[in-house]
Each structure stands twice: as C-alpha cells, then as structure tokens.
Amino acid sequence: ILNDLIRAEKLSVVSHLAASISHEVRNPLTVSRGFIQMALQDRGQDERQDYYLYTALKEIDHATDIINDYLTFAKPASDQQDIIRIKEELTHSVNVIQPLANMNHVDIHLHDQLPENALLLAEKKQFQQSLINIFKNGIEAMPDGGVLTISISSDSKGYVLCVADQGHGMSDEEVNRLGEPYFSTKEKGTGLGLMVSYSIIKAIGGSVKVSSVKNHGTTFEIFLPVYRER
Ligand code: ADP
Ligand code: MG
C-alpha cells in the first residue's frame, strides 16, 4: 500500500509539472532545431564545429521526445471528455504511428470488429496519445522488424483493445515497474510514455493488463467502458 501511495504521489507531481512546462518549451526547441540545421548546411564548417552542432541537435531531439510523450498534459484545459467514435480514434492513432513502423520494418495488422458507431467517453487527443505511446513501445521492442497486431472487440463488459508485438519482451520485474515515472531500459528512453498512457486510461475508467514473455513478445490488453446513448 505504501508503494502504491508513493507511486500515486510521484505521478501527480510529475503530471502537474509537465502541464506547466511542456507547451512553452516545445516552440523554442523547434526554432533552435531549425537554426542548428541551417548552421549544419552552411559550407566551410570545420569538423569540430559540426560535432558540436550534431550533439546539440541530438539533445534537442531528446528533449522533444520527452515532450511528445507528455503532449496531452501540456493542455490543462483538455480535461473535458467527449463522446467519441472509438474506431475513428484508433485508425487515426495507427496512421500517426505508421511512419515509425515503416522505418523499423514493422507491419501493423489491424483487426477491427466493432461497429462504426461504437462510442467511448474520453478526451480525444488524450485517448490518441495513450494508444500512440503503447504502439510506439511495441514497435521499438522489434528493432529487427516484425508484426504489431492491434485488435479491438467488445464483450458484455466493454471494449477490449489488444496490442501484441513480437519483440524482446520483459522480465516479471520489468512488467511490475511499467507505468512508474522515469522507468526506462532504453538508451534514449524518457520513461514517461506508459505513465501517461496509464493515467489517461484510468481517467477514462479503463484498465490495462500486460503479459510478456522474454524474447517472444508482449501483449497489452486495454479494457475500456462502453458509452451507451440513452
Ligand atoms: P520509454 O519507452 O521512453 O522507455 P515507456 O514508459 O514508454 O518509456 O516504457 C518504459 C519501459 O517499459 C521501456 O523502457 C521498456 O523497458 C518497457 N516496455 C514498454 N513496452 C514494452 C514492450 N512492448 N516490449 C518490451 N518492453 C516494453
Ligand atoms: Mg515509450
């Protein structure tokens, strides 16, 4: 219980912090990146100077990654939930992640068994963000390519969204740490992606179950409540 409390406390501190800074920090980063790229394109640079510029570029990209994982928290006013079409948002999220999948030789298989008018009560952008962060991890777990299978169906209790990769998997200890702020095993990881996903899914009234087999792959099962029109 104490662990849960510490976890919850950390979570709320981190998300409040993010809300206040992400938005303001994004624009200056984009501008700086542009100028560094222009400097790199100038001829007559010496090698050392190029190295400085590439290093700056790399660091800016890392900062941008952190903010991208957080993006939804950057809009404090976006807490308002709408009635959204879950299929539409799922398709949109898959489209957003498709270029990353292509770059990593990952095929995305989408099995969608829901009717067009399946509804969910959620904030659109946040819901997309929660899915994108999970898709992204699945793709990143398969550095040599593979298949990311995304399926959605519904039962009497609600929607079940399944995201399965054929990646490097996790130990039980790693699975238990998922969602903890700053937990990352990646060289350039932020350790914030799943914390964001989990808080969003929780806010919608959903839950997440993870099963993973080392060297075989990982499956995220996301359970979401159906919204029924009256
Ligand atoms: P990041 O991706 O920046 O490391 P996340 O919060 O998105 O941060 O993920 C935290 C950690 O959880 C990852 O570093 C990785 O170790 C593990 N993880 C998450 N998803 C997967 C997955 N699909 N397969 C294997 N490991 C995963
Ligand atoms: Mg991630």
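These are my notebook entries on one chain and its ligand, looked up in a predicted model.

**Entry 1. Overall make-up**

I began with the secondary structure and found six helices and seven strands in the chain. Read from the N terminus, the order of elements is α-α-β-α-β-β-α-β-β-α-α-β-β. The chain has 230 residues, and 25% of them are buried. I also looked up the contacts with a separation of 6 or more; 76% of these join residues 24 or more positions apart.

**Entry 2. The sheet**

Which strands make up the open sheet, and in what order? I noted five strands in the order β2-β4-β5-β7-β6, and the pairing is mixed. The edges are taken by β2 (106-112) and β6, each of which has a single partner strand, so one side of each has no neighbour in the sheet. Direction ignored, neighbouring strands are turned against each other by 10 degrees on average. Helix α4 packs on this sheet and touches β2, β4 (146-154), β5 and β7. The direction of α4 makes about 25 degrees with that of β5.

I then went through the pairings of β7. Strand β5, residues 159-165, is antiparallel to β7, and the two share seven bridges. Opposite Cys162 stands Glu221 of β7. On strand β6, residues 207-213, I again counted seven bridges to β7, with the two strands antiparallel. Here Ser207 has Phe223 of β7 opposite.

**Entry 3. The β6-β7 hairpin**

How many residues lie between β6 and β7 in their hairpin? There are three. Asn215 lies in this loop, and its phi is positive, near 65 degrees, although the residue is not a glycine. I looked up its surroundings too: Asn215 has 8 other C-beta atoms within 10 Å and is therefore exposed, since the cut-off for exposed is 12 or fewer.

**Entry 4. Another positive phi**

Tyr182 is a non-glycine residue with a positive phi, about 70 degrees. I located Tyr182 in the loop between α5 (172-177) and α6. Is Tyr182 buried or exposed? Tyr182 counts as exposed because it has 11 C-beta neighbours inside 10 Å.

**Entry 5. Asp107 on an edge strand**

I picked Asp107, which is in strand β2. Asp107 has 11 other C-beta atoms within 10 Å, so it is exposed. Strand β2 is one of the two at the edges of the sheet. From Asp107 I followed the chain to Leu148: the two are 41 residues apart in sequence, and their C-alpha atoms are 6.1 Å apart in space.

**Entry 6. Two helices packed together**

Next I looked at helix α3, residues 86-103, and helix α4, residues 124-140. Their axes are 9 Å apart and make an angle of about 40 degrees. The crossing is right-handed. On the α3 side, the residues that meet α4 are Glu89, Leu90, His92, Ser93, Val96, Ile97, Leu100 and Ala101. On the α4 side I listed Lys124, Phe127, Gln128, Leu131, Ile132, Phe135, Lys136 and Ile139. By class, the residues of this contact are 10 nonpolar, three polar and three charged.

**Entry 7. Tyr227 after the last strand**

Where does Tyr227 lie? I found Tyr227 in the segment after β7 (217-224). With 19 C-beta neighbours inside 10 Å, Tyr227 counts as partly exposed, because buried calls for 20 or more. Neighbours within four places in sequence left aside, the contacts of Tyr227 are Ile83, Leu119, Leu120 and Leu121. Of these I checked Ile83, which is 144 residues from Tyr227 along the chain; the C-alpha atoms of the pair are separated by 7.6 Å.

**Entry 8. Around ligand 1**

Which residues are closest to ligand 1? The shell holds 23 residues, and the closest are Asn137, Ala141, Ser184, Gly189 and Gly193. Two elements, α4 and α6 (193-204), each give two or more residues to this shell. I sorted the shell by class and noted 13 polar, seven nonpolar and three charged residues. Helix α4 thus turns up in several entries: it meets α3, packs on the sheet and gives residues to the shell around ligand 1.

How values were computed:
Residues are numbered from 1 along each chain as its sequence is written. Chains are lettered from A and ligands numbered from 1 in the order in which they are written. This is a predicted model: local features need pLDDT of at least 70, side-chain atom pairs count only at pLDDT 80 or more; totals for chains, interfaces and linings use all residues. Helices (H or I, at least four residues) and strands (E, at least two) are DSSP runs, numbered from the N terminus. Two residues are in contact if their C-beta atoms, placed from the backbone, lie within 7 Å. Axes are lines fitted to C-alpha atoms, for helices over the stretch in contact, and angles run from 0 to 180 degrees between N-to-C directions. A crossing is left-handed if the near helix is turned anticlockwise from the far one by less than a right angle, and right-handed if clockwise. Ala, Val, Leu, Ile, Met, Phe, Trp, Tyr, Cys and Pro count as nonpolar, Asp, Glu, Lys and Arg as charged, and the others, Gly among them, as polar. A residue is near a molecule or strand if its C-beta atom, placed from the backbone, lies within 6 Å of it. Two strands pair if DSSP finds at least two bridges between them.
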